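Grab a coffee and work through these exercises with the structure open beside you. Each one has a task, then a worked solution.

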Amino acid sequence: MRIAIAGGGPGGLYLAALMKQLDPHHEITVWERNAPDDTFGFGVVFSDETVGGIENADTFIHDEMARRFARWTDIDVDVDGHSFTVGGQGFAAMSRKDLLHLLQQRAADLGVSVHYRTEAPDADQLRTSYDLVVAADGINSKIRTKYADTFAPTLDHRANKYIWLGTDLVFEAFQFFVKQTEWGTMQIHGYPYSDKGSTFIVEMHEDVWRRAGFDALDIDHAIKKIKDTFATELAGHEIQTNNSKWLNFTTVRNQRWYDGNVVLLGDAAHSAHFSIGSGTKLAMEDALALAACLHEQPSLAEALQAYQTERKPVVESTQRAAQASLEWFENIGMYAGQEPAQFCFNLLTRSRRITFENLKERDADFARRIESAFAEAAGAREAVPAMFQPVTIGPLRLKNRIIVSPMDMYSATDGLPDDFHLVHLGSKALGGAGLVMTEMVCVSPEGRITPGCTGLWNDEQRDAYRRVTDFVHSRTTGKIGVQLGHSGRKGSTRLMWEGMDQPLTENNWEVIGPSPLPYGQSCHLPREADRADLDKVVTDFVAAARRAVSAGFDLVEVHAAHGYLLSSFLSPVANKRTDEYGGPLPNRLRFPLEVFDAVRAAVPGRIPVTVRISATDWVPDGNTEHDAVEIARAFVEHGAAAIDVSSGQVTEEEQPAYGRSYQTPFADRIRQLVAAPAGAKVIAVGAISSYDDVNSILLAGRADLCALGRTHLYDPQWTLHAAADQNYRGEAAAWPVQFQAGSRKPPTSRTDKIPPRLALLRNETDQPVHVRWTPHRRPPS
Ligand SMILES: Cc1cc2nc3c(=O)[nH]c(=O)nc-3n(C[C@H](O)[C@H](O)[C@H](O)COP(=O)(O)OP(=O)(O)OC[C@H]3O[C@@H](n4cnc5c(N)ncnc54)[C@H](O)[C@@H]3O)c2cc1C
Ligand SMILES: Cc1cc2nc3c(=O)[nH]c(=O)nc-3n(C[C@H](O)[C@H](O)[C@H](O)COP(=O)(O)O)c2cc1C
């Protein structure tokens with residue numbers, strides 16, 4: 001093959017070296033616009049897996065790299081002088097210059113032709129004269145831009161400023177310094193890369209950067225200021241520069257990674273924030289995969305498709321972790337008040353790749369310290385798993401921090417809950433959750449989503465729900481809350497399994513909304529609610545809230561999420577009113593707050609009233625997480641005891657970014673900025689399904705409670721099972737006496753695998769001397 005490679009960075013050079021080894025007949029040319037010595041940065045970090053991959057592919061490069069590696073296992077976090085060391089994770093790093101020298105030398109030895117100080121020729125020309133053109137031309141790839149129509153790149157320019165520096169101070173570990181300065185929070189990402197120096201990346205929010213005056217300083221004065229600010233941390237050591245300048249990180253993503261015979265590799269294809277330290281690792285892994293695919297596949301087209309299929313999902317997963325990490329550092333200022341140990345745990349678990357259980361395995365002492373700090377903060381005597389620390393929502397005390405999230409069962413007739421609801425909610429309460437929420441209970445017949453929704457618009461419904469709350473209170477130690485809602489423009493639709501959000505096939509009723517705008521194509525066109533409609537909605541909420549109190553509910557939640565009536569008033573995509581209920585956010589908040597106030601006034605003080613909100617509409621012109629903070633602030637100021645933070649379902653146009661615990665960052669933001677300072681609680685929800693994730697969220701202070709929905713449909717006894725898995729046997733997850741015989745995890749079945757039964761002993765000359773039978777033990781009865 002004739003291969004043209006634009007870019008002599010780690011990705012391009014490593015690919016060239018691998019391809020030459022696979023077949024010395026390949027004719028490979030690399031163009032590198034810089035001189036061999038001319039590169040930015042200091043050290044690059046690798047994980048154990050990458051090192052293993054390189055070892056298998058090219059032992060020479062691996063051994064040369066390994067000789068130069070600085071290796072360490074600790075992460076040191078220094079938060080305003082409080083130091084924490086967390087062990088147990090393997091890292092290796094080396095100087096970027098050394099890595100490039102090594103790869104340059106290897107490529108030259110293998111007969112790759114590298115043109116330094118030379119711009120790569122135009123890609124149109126290359127693709128006609130070479131079999132394969134590799135765009136390894138870095139984050140600002142010209143080739144990617146040229147064929148942007150096919151690659152469909154997105155470039156996400158982030159807000160933080162950073163500068164990649166070095167120091168002659170050799171850190172002993174991955175080193176984070178987080179410092180409150182007079183201008184705001186600044187952080188250092190440091191790690192050793194040799195016995196002579198460390199990488200020293202300085203990062204801060206652009207606002208902090210401006211307040212500190214960095215925008216007006218040249219690089220020498222900026223370095224001086226950094227040195228002064230971090231004088232204690234540098235302990236007299238120097239700061240070094242190497243083409244260093246202030247940058248804003250750009251996350252690069254591409255929909256396609258190849259176009260005919262042109263393929264993207266490394267930073268040209270993707271970037272991942274340096275705080276998870278994986279750009280070079282990813283570029284070299286791309287090179288490994290591309291070389292293998294070219295070697296294995298019968299044609300170039302199949303090879304490039306196989307390469308994209310293999311690498312894209314892996315890279316996207318890393319990018320999700322990197323995104324969470326970069327957003328965490330962008331918002332670091334909001335954790336300024338966190339207790340240092342919790343802050344440290346928060347930092348370590350920021351990308352959700354490290355969890356509490358991981359940390360427990362790596363460093364049991366640190367894990368114990370975090371659990372104890374949480375217990376102390378919760379005023380508890382005992383350090384038990386965080387999910388089993390009791391919690392209060394307003395005046396209501398819950399035995400644990402697990403909530404069965406509201407889930408509509410669409411199984412009622414005329415709004416009347418029946419035996420199905422008793423068994424469904426009753427079994428969830430028996431399953432150990434601290435709080436079981438009903439589905440959205442509708443305040444009027446026309447406020448139903450579907451004909452199967454339950455309601456509280458008459459006394460018969462109240463009495464039927466009383467049966468449920470009586471069961472929960474008499475047979476379990478859990479509490480039960482009701483979620484009150486009005487469907488708005490999403491009403492008069494089919495049961496979930498017959499076509500969610502689609503109008504009924506017959507017997508539709510008129511629906512109202514803030515504006516005459518449908519939720520989506522083929523959805524109902526609502527009538528714009530007039531004064532009389534609004535007054536009736538308030539009256540209906542109040543009447544339903546009173547019935548909820550006499551039905552014995554412990555908590556009332558106002559449903560202002562998911563595009564139903566109150567949510568659609570909050571959202572600028574659904575609310576285009578020109579009166580005092582539309583326009584800027586304070587106006588859009590007006591009606592939902594009127595409803596909330598009326599409900600709060602109708603419910604005695606001993607019963608907390610909470611609100612569920614959609615923290616983002618997931619569309620560019622909709623509410624964002626910043627609006628969510630203001631929405632939460634308003635409800636907390638009006639007396640909401642907790643904010644239940646969901647997202648979306650406000651418009652069919654939404655583009656949600658699903659993933660594990662994907663809504664938790666919104667909860668976190670609301671908790672730090674609004675709820676915690678005001679003493680209100682925050683409930684996280686959405687794709688939280690393991691006890692490890694629950695404990696990690698709670699211990700990091702991202703939420704006070706977690707609501708689990710679908711997980712409880714899968715396993716109604718989820719909380720009890722989580723307790724068994726964690727060997728927790730306390731009050732917060734006490735098994736109902738009737739079930740106690742089953743409170744231990746059932747033994748798994750015996751396997752047919754024959755265990756080793758022979759021990760063959762050998763003498764000094766390595767001859768077998770004796771054959772001994774291991775007595776077969778009887779299984780315990
Ligand atoms: C501040 C910072 C810290 C980082 N820290 C780490 C870390 O700790 N660990 C880690 O693994 N990664 C880190 N990275 C990322 C890492 O530097 C890159 O991800 C990695 O270098 C990608 O390799 P690459 O070969 O794809 O691209 P690059 O290394 O960018 O190489 C591309 C090459 O192409 C050349 N080029 C571009 N256009 C042309 C052209 N038209 N003609 C000829 N040549 C051209 C460039 O000169 C360059 O040498 C960091 C990045 C930054 C910015
Ligand atoms: C069948 C079903 C019905 C739901 N009904 C409601 C509801 O009535 N009110 C509400 O606020 N959320 C409702 N939701 C959303 C859940 O409360 C929860 O927010 C969502 O399922 C995400 O959490 P999970 O990933 O743990 O399931 C429903 C979800 C499901 C699966």
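A polar contact here is a pair of N or O atoms within 3.5 Å. Keep in mind that this is a predicted model.

**Exercise 1.** Find polar atoms of the protein that sit by ligand 1, then work out how much of the ligand gets buried.

*Solution.* Start with Asn34: a polar atom of its side chain is 3.2 Å from a ligand 1 oxygen, within the 3.5 Å cut-off. Next, go to the backbone. A polar backbone atom of Ala120 lies 3.0 Å from a nitrogen of ligand 1, and one of Thr280 lies 2.7 Å from an oxygen of ligand 1. Finally, the area: ligand 1 taken alone exposes 980 Å², and the protein buries 92% of that.

**Exercise 2.** Which helix gives the largest share of the shell around ligand 1?

*Solution.* List the elements that supply at least two residues each: helix 1, strand 3, strand 10 and helix 11. Helix 11 (279-296) takes the largest share, with four residues.

**Exercise 3.** Now do the same kind of contact hunt for ligand 2.

*Solution.* Side chains go first: Ser405 puts a polar atom 2.7 Å from a ligand 2 oxygen, and Arg612 has a side-chain N or O atom 2.9 Å from an oxygen of ligand 2. Then add the backbone of Gly709, with a polar atom 2.8 Å from a ligand 2 oxygen. On its own, ligand 2 has 610 Å² of accessible area, and the protein covers 86% of it.

**Exercise 4.** Is helix 21 largely enclosed or not enclosed by the rest of the structure?

*Solution.* Count its buried residues: 13 of 18, so helix 21 is largely enclosed.

Conventions:
Residues numbered from 1 in each chain as written. Chains lettered and ligands numbered in written order. Predicted model: local features only at pLDDT ≥ 70, side-chain atom pairs only at ≥ 80, totals over all residues. Heavy atoms only, no water. Polar contact = N/O pair within 3.5 Å; in protein donor to acceptor, adjacent residues only side chain to side chain. Areas by Shrake-Rupley, 256 points an atom, 1.4 Å probe, with all protein chains shown as cover. Buried < 20%, exposed > 50% of the residue type's maximum accessible area, 1.4 Å probe, protein only.
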